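Open the model in your viewer and keep the sequence panel visible. The stops below go from one selection to the next.

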Amino acid sequence: MKKMRSIRRAGIQDIPAICKLMNVAYRGKIGQSWTTEKDMIAGDRISPAQLQEHLAQQNFELWLLEDQMHATSLIGCIGICYQGVKAEIGSFSVDPALQNQGLGKELLNFVEQHIILKLKFLRCMY
């Protein structure tokens, strides 16, 4: 069966789905997510206002992994924050029900290649 996954940059319209994904991955009450913080910290991991603030920053990109065969479509996300010619990866989440299937690795591989290309471009500008 052909994979129906794609990676695209997040937009403001994606905020509700991203918040749901990140909050379930980090603070969800079900499953054995490797990212869970539910026993250490209460409350949401991120709010819509916080995410909107991040997305408005010029040096921040958030990438979404979607699967058209999955009921919720959004199955993972990963963020990049650029500081000059350096990049920091964060906001990394995979649906807990789909973890340990290589989806996180797929996201990491994508952003690593994206960062390499972008930083080559940025170095030419400095």
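Select strand β2 (residues 60-67) together with β3: the two pair in the antiparallel sense over seven bridges. Helices (H or I, at least four residues) and strands (E, at least two) are DSSP runs, numbered from the N terminus, and two strands count as paired if DSSP finds at least two bridges between them. Within this pair, pick Phe 60, which stands opposite Cys 81 in β3.

This is a predicted model, in which local features need pLDDT of at least 70 and side-chain atom pairs count only at pLDDT 80 or more, while totals for chains, interfaces and linings use all residues. Residues are numbered from 1 along each chain as its sequence is written, and side-chain values use heavy atoms, with hydrogens and water left out.

Next, add strand β4 (residues 86-94), which pairs with β3 in the antiparallel sense, again over seven bridges. Gln 83 stands opposite Lys 86 in β4. Two residues lie between the strands of this β3 and β4 hairpin, and there Gly 84 takes a positive phi near 65°.

Now keep only β3 (residues 74-83) and colour by accessibility. How many of its ten residues are buried? Eight are, so the strand is mostly covered, where buried means under 20% relative accessible area, exposed over 50% and partly exposed in between (1.4 Å probe, protein chains only).

Move on to the largest nonpolar core, a term for a set of buried Ala, Val, Leu, Ile, Met, Phe, Trp, Tyr and Cys residues joined through side-chain atoms within 4.5 Å. It has 16 residues, of which Ile 78, Ile 80, Leu 103 and Leu 107 touch the most other members. Two or more residues each come from α1 (15-27), β2, β3, β4 and α3 (103-125). The largest share, five residues, is from α3.

Centre on Leu 107 and show its contacts (heavy atoms within 4.5 Å). Leaving out residues up to four places away in sequence, Leu 107 touches Ile 7, Leu 65, Gly 76, Cys 77, Ile 78, Phe 92, Ser 93 and Val 94. Apart from this core lies another, of 14 residues, including Leu 21, Met 22, Leu 51 and Leu 55.

Finally, show the whole protein. Three helices and four strands are present, and from the N terminus on they run β-α-α-β-β-β-α. Of the 126 residues, 39% count as buried. Among contacts between residues at least 6 apart in sequence, 55% join residues at least 24 apart.
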